[in-house]
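Work through the exercises below with the structure in view. Try each task before reading its solution.

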Amino acid sequence: HGNTHGNTMHGDKKHGDSEDDKVLRDFMTKYSSSPDWVDWDEIRRGQEVFIRDLPICGLTLFYLSLVGGFSAPLITKVLRATGYLTSGPKRVMRRLAD
């Protein structure tokens, strides 16, 4: 059984942890739980608003800002030069979906 990164296991204790291992473990411990000020009811409320309004937001972007923006002469010049919307149907649809 190979020993990676110089760590050895002895029972439940780790010996020889590198400084990187300690930093990662400290980071995970600190950021694996939510701060006390998080209001989960407000988070759920925001998620519900997002899900409820997402279809109309998508339509608004598609029919108003994206079409208008992509048809402006200066913007289309940049789009053509970068290949942003001319690199094949699959890539274009992926970019529009993003």
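**Exercise 1. One residue at the surface**

Is Lys22 buried, partly exposed or exposed?

*Solution.* The model is predicted, so its values are computed from predicted atoms.
Step 1. Take the relative accessible area of Lys22, which is 39%.
Step 2. Recall the cut-offs: buried is under 20%, and exposed is over 50%.
Step 3. Lys22 is therefore partly exposed.

**Exercise 2. The partner of Lys22**

Find the residue with which Lys22 forms a salt bridge, and place the pair in the fold.

*Solution.*
Step 1. The partner is Asp26. The closest N and O atoms are 2.8 Å apart.
Step 2. A salt bridge needs these atoms within 4 Å, so the pair qualifies.
Step 3. Both residues belong to helix α1, which covers residues 19–31.
Step 4. Because Lys22 and Asp26 are 4 residues apart in this helix, about one helical turn separates them.
Step 5. Asp26 has a relative accessible area of 41%, so Asp26 is partly exposed.

**Exercise 3. Two more salt bridges**

Describe the salt bridge of Arg44 with Asp41, then that of Asp53 with Arg52.

*Solution.*
Step 1. Count by the rule: there are 4 salt bridges.
Step 2. Arg44 and Asp41 meet through their side chains, at 3.1 Å from N to O.
Step 3. Both lie in helix α2, residues 40–70. They are 3 residues apart, about one turn of the helix.
Step 4. Check the exposure of each. Arg44 is partly exposed at 41% relative accessible area. Asp41 has 54%, which is over the 50% cut-off, so Asp41 is exposed.
Step 5. Turn to Asp53 and Arg52. Their closest N and O atoms are 2.9 Å apart.
Step 6. Asp53 is partly exposed, with a relative accessible area of 24%. Arg52 is exposed, with 58%.

**Exercise 4. The overall plan**

How many helices and strands does the protein have, and in what pattern do they follow?

*Solution.*
Step 1. The protein has 4 helices and 2 strands.
Step 2. Along the sequence the pattern reads β-β-α-α-α-α.
Step 3. Look at burial. Of the 98 residues, 6% are buried.
Step 4. Look at contacts between residues at least 6 apart in sequence. Of these, 3% join residues at least 24 apart.
Step 5. Add the surface. The accessible surface is about 9000 Å², and carbon and sulfur atoms account for 62% of it.

**Exercise 5. The largest pocket**

Give the volume of the largest pocket, and say which residues lie nearest its centre.

*Solution.*
Step 1. The volume is about 260 Å³.
Step 2. The lining holds 13 residues. Nearest the centre are Leu61, Leu66, Leu96, Ala97 and Asp98.
Step 3. Trace the lining to its helices. Helix α2 and helix α4, residues 89–97, each supply at least two residues. The largest share, 7 residues, comes from α2.
Step 4. Sort the lining by class: 10 residues are nonpolar, 1 is polar and 2 are charged.

**Exercise 6. The surroundings of Arg95**

Which residues does Arg95 touch, leaving out those up to four places away in sequence?

*Solution.*
Step 1. Locate Arg95: it sits in helix α4.
Step 2. List the residues touched: Gly83, Tyr84, Leu85 and Ser87.
Step 3. Take Tyr84, which is 11 residues from Arg95 along the chain. The C-alpha atoms of the two are separated by 7.9 Å.
Step 4. Classify the exposure. Arg95 has 23% relative accessibility, so Arg95 counts as partly exposed.

Definitions and conventions:
Residues numbered from 1 in each chain as written. Predicted model: local features only at pLDDT ≥ 70, side-chain atom pairs only at ≥ 80, totals over all residues. Heavy atoms only, no water. Buried < 20%, exposed > 50% of the residue type's maximum accessible area, 1.4 Å probe, protein only. Contact = heavy atoms within 4.5 Å. Areas by Shrake-Rupley, 256 points an atom, 1.4 Å probe, with all protein chains shown as cover. 1 Å grid on protein atoms, 1.4 Å probe; cavity = no way out; pocket = protein on both sides within 12 Å on 5 of 7 lines; lining within 4 Å. Points joined across faces, edges and corners; volume = space filled by probe spheres on them. Nonpolar A, V, L, I, M, F, W, Y, C, P; charged D, E, K, R; others polar.
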